[in-house]
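Reader: I should be grateful for a close look at one part of this structure, namely its aromatic rings and what surrounds them. Please take me through it step by step.

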Amino acid sequence: MPKKTPPHQPIPITSQQLDAAYRWLCQQRKDYPPNADIWFFRHAWEKNKSRLLKEIVNGNYVFSPLKRIVKQDSQVIHLWCSSDALVLKVLAEPLQRQLKLSKSCMHVKGHGGLKQCVAGVQQQLDHYQFVCKTDVKSFYESIDQQLLFEKLYTHIENKSLRRYLYQIIHRTVEYGGNYREITQGISRGCSLSPIFGALYLKVLDELFAKFNGYYVRYMDDIIIMTKTKWQNRKAIKRMNECFNQLKVEQHPDKTFIGRIEKGFDFLGYHFSREPLRVANITVKKYVERFIRLYEQQKTKKATSEEMAMVLGLYVKRWRRWCCAGLRCIEGKTYFNEYSDTPSVTRVAEHAC
């Protein structure tokens with residue numbers, strides 16, 4: 001007879017883990033407006049901490065509906081309340097331990113991260129001739145919740161954790177007093193979503209585990225490199241069959257299939273037989289952000305010193321991000337291709 005799961009299993013969360021999640025939350029929401037719930041949450045933290053920890057461990061915590069918020073730029077987001085965001089963060093570590101995610105999924109904590117993924121791809125280029133670079137169209141939104149539940153329940157026996165995961169995935173959103181259940185996809189801005197994304201495509205990682213080529217994934221950004229065109233076609237066919245089973249599809253505008261020397265973009269960088277460099281689209285977004293900051297400082301009537309300090313800090317941080325962890329990146333950054341505003345280039349050069 002199969003082993004029965006006990007009716008109640010405490011979730012192994014410590015006070016230290018809760019404190020670490022609290023510090024993370026405070027940092028994440030430090031710039032929220034004065035009427036945001038984070039300030040009330042922080043004010044009552046010492047008073048409510050013990051009770052909250054007990055609720056989480058015993059499986060009695062109940063998640064609230066998300067708030068639908070329309071930002072100034074008309075972007076719509078679904079925001080977890082501060083208490084829920086804290087619980088999501090503290091659940092991430094025990095959940096990841098139980099799922100045993102593939103090492104080829106690089107965005108998962110402890111698996112290398114973005115820069116190691118980029119460096120790994122660059123190191124392997126000389127060994128292969130053909131590449132398939134793609135990602136999943138609207139990945140978070142297209143995840144089938146039932147399939148995700150089945151995958152989670154295969155690994156998770158703790159009933160309390162299962163109940164939490166059901167609430168997190170099958171969530172409710174509130175706007176103007178109206179409530180809507182979300183029955184498709186997973187939440188953006190949720191600490192568990194990268195883990196859910198890693199698990200959902202784990203079957204793809206396993207499919208290419210003993211692959212006669214190179215395979216790596218960062219969330220839904222996928223690279224497959226092969227020595228021959230035939231191997232490339234076969235790998236793409238296997239990948240598409242897997243996508244069909246998962247009810248997802250490739251993003252047509254973000255897919256490149258062909259010879260490596262033609263060049264392709266991946267994770268913000270451009271790969272080819274030439275030295276690694278920042279992708280054109282990455283530079284374009286950087287310049288656009290630079291111009292917005294410049295215009296914001298003009299609107300605030302900032303002095304030239306204040307403007308140089310703000311813009312200079314942004315430039316230095318961006319360039320540091322571009323080169324950090326990568327020895328083989330081409331150092332030049334080109335502005336003229338994307339901006340005909342002379343002041344942008346002059347301020348950027350002065351700030352550096």
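Is tryptophan 321 buried, partly exposed or exposed, and what is its relative accessible area?

Author: The model is a predicted one. In it, tryptophan 321 has a relative accessible area of 35%. Buried would require under 20%, and exposed over 50%, so a residue with 35%, such as tryptophan 321, is partly exposed.

The ring of tryptophan 321 has a partner. A search of the whole structure finds 19 aromatic pairs, and one of the pairs joins tyrosine 269 to tryptophan 321. The two ring centres lie 5.7 Å apart, with an angle of 25° between the planes. Planes under 30 degrees apart count as stacked, and this pair is therefore stacked. It links distant parts of the chain, for the two residues are 52 residues apart. Tyrosine 269 belongs to strand β10, which covers residues 269–271, whereas tryptophan 321 belongs to helix α13, which covers residues 304–323. The partners may also be set side by side in their surroundings: tyrosine 269 is buried, with a relative accessible area of 0%, while tryptophan 321 is partly exposed.

Another of the pairs has another geometry. The ring centres of tyrosine 61 and phenylalanine 63 are 5.1 Å apart, and their planes stand at 85°, so this pair is edge-to-face. Tyrosine 61 and phenylalanine 63 are both buried. They also belong to a cluster in which ring pairs link Tyr61, Phe63, Trp80 and Tyr164.

Rings in this model also have charged groups placed over them. The charged end of arginine 238 sits over the ring of phenylalanine 208, at 5.3 Å from its centre. Arginine 68 lies over the face of tyrosine 175, and here the distance from the ring centre is 4.6 Å.

Tyrosine 175 deserves a further word. This residue lies in strand β4, which comprises residues 172–175. Its relative accessibility is 45%, and it therefore counts as partly exposed. Together with Val70 and Val76, Tyr175 forms a nonpolar patch on the surface. The accessible area of Val70, Val76 and Tyr175 together is about 260 Å². Tyrosine 175 thus has a place in this patch and also has arginine 68 over its ring face.

Methods: Residues numbered from 1 in each chain as written. Predicted model: local features only at pLDDT ≥ 70, side-chain atom pairs only at ≥ 80, totals over all residues. Heavy atoms only, no water. Patch = residues over 30% accessible without salt bridge, like charges linked within 9 Å, V, L, I, M, F, W, Y side chains within 5 Å. Areas by Shrake-Rupley, 256 points an atom, 1.4 Å probe, with all protein chains shown as cover. Salt bridge = Lys/Arg side-chain N within 4 Å of Asp/Glu carboxyl O. Helix = DSSP H or I, 4+ residues; strand = E, 2+ residues; numbered from the N terminus. Buried < 20%, exposed > 50% of the residue type's maximum accessible area, 1.4 Å probe, protein only. Phe/Tyr/Trp six-rings, centres within 6.5 Å; stacked < 30°, edge-to-face > 60°. Lys NZ or Arg CZ within 6 Å of the ring centre and 35° of its normal.
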